Amino acid sequence: MSAGAFRTATGGRIDRTHTLRFTFDGRPLQGCAGDTLASALLANGRHLVGRSFKYHRPRGIVTSGSEEPNALVTVVRDGGRTTPNLRATQVELYDGLTAISQNRWPSLTRDLGAINDKLSLMFPAGFYYKTFMGPRFLPENWAWTKVFEPAIRRAAGLGRAPTSADPDRYASRYAHCDVLVAGAGPAGLAAALAAAEAGARVIVADEQSEMGGSLLSASRGAINGVPTAQCAADALAQLAGHARVRLLPRTTVFGYFAQNMAGLAERISDHDPSPDPEGPRERLWQVRARHVVIATGAIERPLVFSNNDRPGIMLAGAALTYLNRYGVTPGQRAVIAGSHDGIYAAALDLAGVGVEVAAVLDTRADPQSAAMAAALDAGLPIRTGTCIVGSRGHLRVSEIMIGAPMADGSIRDAGRIPCDCLLMSGGWTPSVHLFSQSRGKLRFDAAAGVFLPGVSAQSETSAGACGGASGLAAVIESGAAAGRTAAQACGFGLGRARAYRVEGILEATEATGHVNAPRLPQGMAKAFVDFQNDVTSRDLELAAREGFRSIEHIKRYTTTGMATDQGKTSNMNALALVSGTLNTTVPDVGLTTFRQPYTPVTFGTLAGMARGDLFDPIRRTSIDGWAQGKGAAFEDVGTWKRAWYFPRAKEDMHAAVARECRTVRAAVGVFDASTLGKIEVVGPDAAEFLERMYVNAFKALKPGRCRYGILLNEAGFVIDDGVIARLAQDRFHVTTTTGGAASVLNMMEDYLQTEWPDLQVWLTSTTEQWAVIAVQGPRARDVIAPLVDGADVGGEALPHMSVCEAKVAGVPARLFRVSFTGELGFEINVPVGAGRSVWEAVAARVEDAGGCAYGTEAMHVLRAEKGYIIVGQETDGTVIPEDLGLGWAIGKSKADFVGRRSLVRPDMIRTDRKQLVGLLTRGRDVLLDDGAQVTSVAAPAKGTAALGHVTSSYHSSVLGKSIALALVRGGRGLMGQRLHVPMPKGAVEVEVVSPVFYDPKGEKLNG
Amino acid sequence: MASVDAAVSAGGGRDAGALVRAAAPAARFVFRGRDAAVATVASALGTPLSLEPCRASQSVGRIALWLGPDEWLLIAPRSEGGLVASVLAKALGGVPHALVDVSDRNSALIVSGPAVEDVLSAGCPLDLDQAAFPVGMCTRTLFAKAEIVLWRTAPAEFRVEVARSFLPYVEGVLAVAVRDGG
Amino acid sequence: MLLIHCPYCAMERPEIEFRHAGEAHVARAPDPSQLDDETWAEFLYFRSNPKGVHAERWRHVHGCGRFFNALRDTVSDRLLVTYKAGEVRPELPPQEHSR
Ligand SMILES: [Zn+2]
């Protein structure tokens, strides 16, 4: 027998000649190509695959699909490639696969956590809510933080997350189509064919490795005379022949979002024994479809009875799939039970391969159907009006107890039946998850006892079993109709409808079926409703007794439906139980909301390419390579990398910054200011526009001159600043902060487009056009003068705050005479392409002059020594120019500018606003913490408001002490006074001083 | 630009692939203005400026990409930059407008090949099917986390204009997309 | 991700190309200095925040760069109509309100 004692000799879609080796909990086993891990385990007679979440009860495989609640396993490739909580029913077997069970210690068969099962009276519904309140005499949350949380953190969780970084790559793709078909079973394939033949662009996604859905697990029956599995193959071949059809197997439509945007997760390499190490593991598809056909089928429901969770108990439809698709029998002696014709098809197929059918139990008193007649003809032992009341067995079912429902609602004991597997069917629940995610309104079909799609919210159609179609003929018909409707909705003609003639199908004449809600005998044994979260019928009844009425509340109280499977197999049983307990109807209890994702999606898939170097754009200036060559340290400023400091041999950051500052003040330094935002403002109304935007006067500014501009928002608060140069009557070169480049342009466009559309002025971002080389220091002029051609850089021709056009190192440049250090300074703007070469020419001369390159840290220190602000450091969105001592910049004669009206609001003209001051520590030199509070006494009483806070703090090597800028209430009136700055190691006494620590008269600006 | 030169066809045989290469050096100008200026530029440049949204026009190597109702990106061979600037400045004298040299602001990539739609769809949210994005369409849009100007120059070829500092990122994402076949 | 019809590009484009820009039709006074504090505060800080149809500004920032206006139903999060800056707020057919 090939790859397992429970493998049939023939049949199924597996390749018996291709044996695959794998291990489960270290035990070597064999399967066949085409197996899932679940089918391979079952072929080896392994039903026990895991322990349950709460009670650690032994659990087996219940389903054959993505709805599996129990068979969660961890698949290990290597350290980083360890994936917990995979459903064994979806894990494709490959040679060498290593899988381990979860939630057990020390082993699956001997698990110490199973003590929870014996102590289960301690864990009723709402256990967590009731327990963690803690005794009243203890401090709030004491019980939680001291007792429960540590214990729960040790025990909690499904599986174990890998501890090393995920080594795999994940791809992502946007896609667009006319028709997205979710699910490639009979309805989905018929829909896709119809839409494709009408000319539509179609994407078909199916979560399984092989498309075809239930067509692949039917043992008998034909469509137009062709066996069902062959029909699926034919349909796929036809679809593959359409150029505008994309087939995506192994792809789950996990989310349905606004305006027909769907999220799809494609598993690319998990099934591959030796995946391409360069290839992606999974791919996220963001699909925009004009119409969506939801063809997600239906999910079979378990029966609820005592100990219904023993390994060996599985759904009848799953057993049928294992038998007919994978050539696996669930055991040697089977009991098949349910309230649904599917049990007869399962019984006939199992008997057909030699499985002993011990009994077929139909809870219905008098079922009449072709399926039952066929089972009777085959001589199968059928008992109608019979239900299951319990099971026995250790780690595997060995016996079931049956009963007969009586007229008074009680159940009469009807004996026991030994068996090694029980196949159950409580009816089928249409998979309305995606419809519900689309915000469509569900309706309750009382006749069928199921929720079905009601009112659509988007352009979609539910086809097949998920839309309520019953039986293969109706399913295919509704699929074909949906495909034609979808194509028509996209503007394609109707075309010719295919005819489908379905014959010989026995299973599932009714696709749905009523929920069984048996009245359970009293006793200790548990009847599970939600297998994954270990919620029993008694938990639900308790919740109802305690007064919960809405299923949304009951869900949260009992956790039913809140596991990773979102209650796919349990929701309807829970609703039936609760409505039965409350003596009301299912729709009265309500239905919980289905949320994305349909099945769990890896973080990797959602992150896609956005990790490592591609997490965000990493922007580097044209001079960056030079700085790297000099061993610069870099800091992130937004998405830019900026040279932070240039350490020389053995220098730490402090030493390097100190040296750079001293060099600039004593000789000259060169600094890469390329990241400054730049906007070219051009047009006859350019000056008028800037005058309205900035606080400053610009109409009077002469071409060739610069002005320090301050930008407010309408509320009057400083939001940006920068030097603005008038290049010509109608042309300005505006600079912004590095971080403000995009937002200032956005704000300017806003006013221009919506408030002052009459102005003839246009804006162009030139941030990336210009490399900016700042040369600062008393020798700055000496350094650049020989490189400048076509302009006089002397103090008279090019005074402070002026600009000219010239060639620098042979390159056309905009040469600014500006300073952000307080020293004589120039900023050379050259096209970025020439940035590196001009920089190198300048830097060489700087070094010859005893200067050096300096980074952003030295720049910060130098500007702080001068009391120059940095927007975002000295400002926080509540600071007006006057607070900063910049009231002089405001154009006093201007009637209006953005924010002007706010500057005369009562709160803005108060004299006790926080004002920018300098702070020097008294006694021992201490570097104050950025952001530290400023107070009037060393140890203010609790609740005392601070006077302000430290905005910038540096050690100044030039001044030989630490300096700080601070915003302090009424600060300018406190000069010379002593205040305190509480810090972690105690308050520091400070003296309030002018924010200009260095060269207060500004004499150095002229060298 | 080693990474561009090293670009290879994609997909390990899965697709026929796509190729990413650097575009020839170009002179670029952002032209903004109203009707009178638009007509003046068109005649001076020798290329009509599209008034239809999201459409490119070109003639004798001079290209005008519609970016907004009052904004065009003009592209010419790098060697013609000075000439174009002076011709336009002369023609536009006295007509309110803005003409700004942005030659160095952008870099450009040419992405081509049978899988070009899939490769660009790794980062671009637009429908790149020829019915939705025909040859001659151009627009600012996004490619992953970078803003680009995308112009379809042929059924299987696009030009991607990107701000210079975003080039390594866009190249990086494209290289991955080419390798993955999109 | 929503699709938004840009009235300048004259086509639907994905939401990530756009940026929301607050309530529409909140015009800045030609001469704010003429306004009393209360009126100015109203302009600065008070917005309608309706349940239902809301006129709001968007910018096609990664597209044509234009600001425009949109009517959006804040209950359904549907964009009902978009129109150019400066155009009057369009009247909606009655059924659009109730959706
Ligand atoms: Zn637009």
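This dialogue walks through a predicted model, from its zinc site to its interfaces and salt bridges.

Colleague: Start with the metal. Which atoms are the protein donors of the zinc ion?

Modeller: Look for N, O and S atoms within 2.8 Å of the metal. Here the donors sit in chain C: C:Cys6 (SG), C:Cys9 (SG), C:His60 (ND1) and C:Cys64 (SG). They lie 2.0 to 2.4 Å from the zinc ion.

Colleague: What arrangement do the four donor atoms around the zinc ion make?

Modeller: Go by the angles. For four tetrahedral donors the ideal is 109.5 degrees. In this site the angles run from 104 to 120 degrees, so the arrangement is tetrahedral.

Colleague: What spacing do the donors follow along the chain?

Modeller: Read it as C-x2-C-x50-H-x3-C. Take C:Cys9 and C:Cys64 as a pair: they link distant parts of the chain, 55 residues apart. C:Cys9 is in the loop between β1 (3-6) and β2 (11-14) of chain C. C:Cys64 is in the loop between β4 (53-59) and β5 (67-73) of chain C.

Colleague: Is C:Cys9 buried or exposed? And C:Cys64, buried or exposed?

Modeller: Under 20% relative accessible area is buried. C:Cys9 has 3%, so it is buried. C:Cys64 has 2%, so it is buried too.

Colleague: Next, the interface of chain C and chain A. How many residues are in contact?

Modeller: Count residues on each side, then look at area. Chain C brings 27 residues into contact with 26 residues of chain A. The buried area is about 2200 Å², and carbon and sulfur atoms give 44% of it. On the chain C side, C:Met1, C:Arg28 and C:Phe67 lose the most area to chain A. Together they make up 30% of what that side buries.

Colleague: How many salt bridges cross that interface?

Modeller: The general idea is simple. Side chains of opposite charge can pair when their charged atoms come close. Between chain C and chain A the rule finds four salt bridges. C:Asp37 and A:Arg901 form a salt bridge, at 2.6 Å from N to O. There are also 15 residue pairs in polar contact, both residues at pLDDT 80 or more. Two elements of chain C give two or more residues to this side: α1 (37-45) and β4. α1(C) gives the most, with five residues.

Colleague: Now chain B and chain A. What area is buried there?

Modeller: Read that interface the same way. About 3400 Å² is buried between chain B and chain A, with 50% from carbon and sulfur atoms. In contact are 37 residues of chain B and 45 residues of chain A. The salt-bridge count is nine. B:Asp118 pairs with A:Arg173, the closest N and O atoms being 3.3 Å apart. The polar contacts come to 28 residue pairs, both residues at pLDDT 80 or more. β2 (26-33), β6 (97-101) and α5 (167-180) of chain B each give two or more residues to the side that touches chain A. α5(B) gives the largest share, six residues.

Colleague: Take single residues. Where does A:Thr321 lie?

Modeller: Place the residue in its element, then check accessibility and contacts. A:Thr321 lies in helix α7 (residues 316-326) of chain A. Its relative accessible area is 13%, so it counts as buried. Leaving aside neighbours within four places in sequence, A:Thr321 is in contact with A:Ser64, A:Ser217 and A:Tyr326.

Colleague: Where is the place of A:Pro600?

Modeller: A:Pro600 is in the loop between α15 (586-589) and α16 (603-607) of chain A. At 43% relative accessibility, A:Pro600 is partly exposed. Outside its neighbours within four places in sequence, A:Pro600 is in contact with A:Arg87 and A:Thr564. Check C-alpha distances too. A:Pro600 and A:Ser66 are 534 residues apart along the chain, yet their C-alpha atoms are separated by 9.9 Å.

Colleague: How many salt bridges does the rule count over all chains?

Modeller: The count is 68. For each pair, read the distance, then the surroundings. C:Glu17 and C:Arg13 meet at 2.8 Å, N to O. C:Glu17 is buried at 0% relative accessible area. C:Arg13 is buried at 1%. Pairs can also share partners: A:Asp883, A:Asp907, A:Arg910, A:Asp912 and A:Arg913 are joined into one network.

Colleague: Which strands hold A:Glu399 and A:Arg416?

Modeller: The two form a salt bridge, with the closest N and O atoms 3.9 Å apart. A:Glu399 is in strand β22 (residues 399-405) of chain A, and A:Arg416 is in strand β23 (residues 411-418) of chain A.

Conventions: Residues numbered from 1 in each chain as written. Chains lettered and ligands numbered in written order. Predicted model: local features only at pLDDT ≥ 70, side-chain atom pairs only at ≥ 80, totals over all residues. Heavy atoms only, no water. Donors = N, O, S within 2.8 Å, 3.2 Å for Na, K, Ca; no water. Tetrahedral: all angles 85-135°; square planar, octahedral: opposite > 155°, others 65-115°. Helix = DSSP H or I, 4+ residues; strand = E, 2+ residues; numbered from the N terminus. Buried < 20%, exposed > 50% of the residue type's maximum accessible area, 1.4 Å probe, protein only. Contact = heavy atoms within 4.5 Å. Buried area = accessible area lost by both parts, 1.4 Å probe. Salt bridge = Lys/Arg side-chain N within 4 Å of Asp/Glu carboxyl O. Polar contact = N/O pair within 3.5 Å; in protein donor to acceptor, adjacent residues only side chain to side chain.
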